[in-house]
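Thanks for coming. I will go through one model today, starting with how its helices pack.

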Amino acid sequence: MSHDFEQQKAETLAVFAELADGAELPDEINVDYAFLPGASADWDAVQAALEEAGYDCQQTEPEPEDGPGAVAQLIATLPDQPVSALAIWTGEEIATRIALDHGFTPDGWGFWA
C-alpha cells in the first residue's frame, strides 16, 4: 500500500492556513500527531522508533461517546515546535513515515495535549 504524502501535505497546509487566519498563535507549541493502528500494528516498536526520533508517545483509549468500533490511537507529540505550516508538516512527515513502517496510518494533527 502506498501513501499519498503530497495529499497529506496539502491537507496540512490548508488546515494550518485556516487555523492561522485571524488567530493569535503562540511562537511555540506542542504538536500532537495521531495515528490509528492497522492489523499489523506494532505498538512497542513504533513507540520506540518515534521516541528515538524525539517524539513523546501515548496511547489513548476510545471514550464511550466515540461510539462502537472506535479504536485506541497513538499520539506522538513534538514539544516546543515553532508554529508554522512547514514545521508542523516536517514533524508530521517524519512521524508518518515511522508509523507507516510499523502498521499505523495517520489520523491528523493538532494541539490537543
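**Helix packing and the core**

The crossing of helix 2 and helix 3 is right-handed, meaning that the near helix is turned clockwise from the far one by less than a right angle. Helices here are DSSP runs (H or I, at least four residues), strands likewise (E, at least two), numbered from the N terminus. The contact, meaning heavy atoms within 4.5 Å, is made by Val-46, Ala-49 and Leu-50 of helix 2 and Ala-95, Ile-98 and Ala-99 of helix 3.

Before going on, this is a predicted model: local features need pLDDT of at least 70, side-chain atom pairs count only at pLDDT 80 or more, and totals for chains, interfaces and linings use all residues. Residues are numbered from 1 along each chain as its sequence is written, and side-chain values use heavy atoms, with hydrogens and water left out.

Now the core. The largest nonpolar core (buried Ala, Val, Leu, Ile, Met, Phe, Trp, Tyr and Cys joined through side-chain atoms within 4.5 Å; buried is under 20% relative accessible area with a 1.4 Å probe, protein chains only) has 19 residues. Tyr-33, Phe-35, Val-46, Leu-50, Tyr-55 and Leu-74 touch the most other members. Helix 3 gives the most to this core, with 5 residues.

What does Tyr-55 touch, leaving out residues up to four places away in sequence? The list includes Tyr-33, Leu-50, Ile-94 and Ala-95.

Last, Gln-81 in strand 3. Gln-81 is buried, at 18% relative accessible area. Beyond four places in sequence, Gln-81 touches Asp-27, Glu-28, Ile-29 and Val-31.

Technical notes: Buried < 20%, exposed > 50% of the residue type's maximum accessible area, 1.4 Å probe, protein only.
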